[in-house]
Amino acid sequence: MKYLKYNTSFYILIMLPFLWSCNQKTQWEGQKPVSKVNTQTVPIQLQHKGVFDLGKGVFASNEFDGARLNGVARTNDTLITVLLTPENEPINMSPWFAFKLWSEIESEIFVKLTYPENASHRYYPKLSFDGLSWKTLDSANYQISRTTEIESMQIPKEIIMKLSINPDTLWVAAQELITSTHVENWISKLLTNTYVTKTKIGESHKGKPINLLKIGESDDQKMIFILSRQHPPEVTGYLAMKAFVETICSDNEIAKNFRKKYNTYVVPLANPDGVDNGHWRHNYGGVDLNRDWADFNQPETSAIRDFMKQKTANTSGKFYFAVDFHSTWQDIYYTISPELKGNMPGLVSDMITATGNEFTDYEPNIKPSDDLDTRITSTKFFFYEFGAESLTFEIGDNTPREFVKKKGGVSALKLMELLLE
Ligand SMILES: [Zn+2]
């Protein structure tokens with residue numbers, strides 16, 4: 001069979017975010033403003049879970065948390081075709097995939113990823129042999145077999161991976177697999193610090209805990225709030241959040257001082273059902289949680305709202321800062337208009353500037369919203385309800401992971417310095 005070559009136009013397409021981020025004049029403009037949607041629970045489609053015998057001693061599986069593999073079949077001697085579909089529609093395009101492959105004898109196979117008619121391919125495949133350490137697929141083994149035109153750009157519609165498989169399980173996923181178990185393991189490590197505690201503030205649709213971390217030893221008069229993973233595939237945002245939180249927990253003098261004056265509250269995994277069920281975007285109620293911060297029809301958003309409201313009512317303390325971590329095509333900050341004053345005007349822009357100054361050849365991409373925008377997202381709720389200077393902290397899908405970690409850590413350090421001034 002014939003494949004399209006890994007051609008120059010695709011190379012430009014995937015390089016575009018990097019080219020843009022190097023050049024201030026052509027920075028990405030970000031997503032279009034969000035519009036109001038109904039956030040009442042709707043049915044979702046479940047995957048058929050199992051181990052699939054593909055013949056010739058080759059097997060595939062989606063029997064693990066975070067998996068997404070809606071159909072798989074052998075097309076011919078060398079080609080396996082995978083179908084990936086979302087939990088429900090309409091949905092924003094973040095087509096997650098994660099599955100395992102192995103074979104009785106060492107062999108090379110081609111695996112094609114296919115999507116429904118209105119969806120296209122987005123995430124560059126990652127491979128792992130233990131489900132913990134991941135690397136990106138070698139570009140020599142990656143080919144676009146079909147493209148589709150979206151806004152006059154050619155976007156990959158189907159891709160083919162050449163994979164070496166053997167009796168050891170090969171994990172293939174859209175991004176590094178970080179499920180509720182991984183998050184729990186991370187939380188357990190943080191809990192070895194005396195100044196970190198964990199409480200359950202609610203439950204997801206499926207009864208999984210919505211966990212809240214408290215970091216600090218202050219009297220709750222001054223607080224900050226951190227949120228992550230409303231959208232399951234947004235792993236790079238989660239990685240930045242992780243570095244941000246670890247810096248607040250660190251031995252650094254600024255962090256020690258900060259924890260005496262401010263308490264930090266963190267919900268590291270807002271959508272555990274979506275993450276563990278390999279969803280593209282929604283929770284188990286088929287809803288984009290980051291559109292539910294006005295109506296609160298979903299248990300996950302309601303739990304966080306109730307915690308924040310009770311906390312401010314019971315202590316008369318204030319949230320001075322709130323951040324929600326996400327991932328998108330490339331790094332961008334969605335901020336509240338600087339003309340609108342919360343509990344500490346200028347804090348967010350000062351933090352972004354101070355962070356940017358720590359990196360060479362890096363120009364932060366900032367997109368402020370105006371007062372007329374819909375107030376259905378988390379950061380609008382944090383600002384308009386509590387006066388928290390708030391920020392949607394977006395990391396690109398392909399941003400190098402070392403940079404993600406540094407950026408998360410430096411941002412926390414700069415924030416703490418500014419809050420202590
Ligand atoms: Zn998101």
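Contact means heavy atoms within 4.5 Å of each other. This is a predicted model, in which local features need pLDDT of at least 70, side-chain atom pairs count only at pLDDT 80 or more, and totals for chains, interfaces and linings use all residues. Residues are numbered from 1 along each chain as its sequence is written, and side-chain values use heavy atoms, with hydrogens and water left out.

**Helix H2**
- Helices (H or I, at least four residues) and strands (E, at least two) are DSSP runs, numbered from the N terminus.
- In helix H2 (residues 180–190), the buried residues (under 20% relative accessible area, 1.4 Å probe, protein chains only) are Ser180, Val183, Trp186, Ile187 and Leu190.
- These residues line one face of H2, because they fall within an arc of 120° seen down its axis, taken from the directions from the helix axis to the C-beta atoms.
- Their cover includes strands S12 (196–203) and S13 (209–215), together with helices H3 (235–248) and H5 (272–276).

**Zinc site**
- Donors are N, O and S atoms within 2.8 Å of the metal (3.2 Å for Na, K and Ca); water is not among the atoms, so sites may look incomplete.
- His231 (ND1), Glu234 (OE), Glu234 (OE) and His326 (ND1) are the protein donors of the zinc ion, at 2.1 to 2.5 Å.
- Glu234, in the loop between strand S14 (222–228) and H3, and His326, in strand S16 (residues 318–328), link distant parts of the chain, 92 residues apart.
- Both Glu234 and His326 are buried.

**Strands S3 and S4**
- Strand S3 (residues 71–74) pairs with strand S4 (residues 79–83) in the antiparallel sense over four bridges; pairing requires that DSSP finds at least two bridges.
- Gly71 stands opposite Leu83 in S4, and a hairpin of four residues joins S3 to S4.

Key. Buried means under 20% relative accessible area, exposed over 50%, partly exposed in between (1.4 Å probe, protein chains only).
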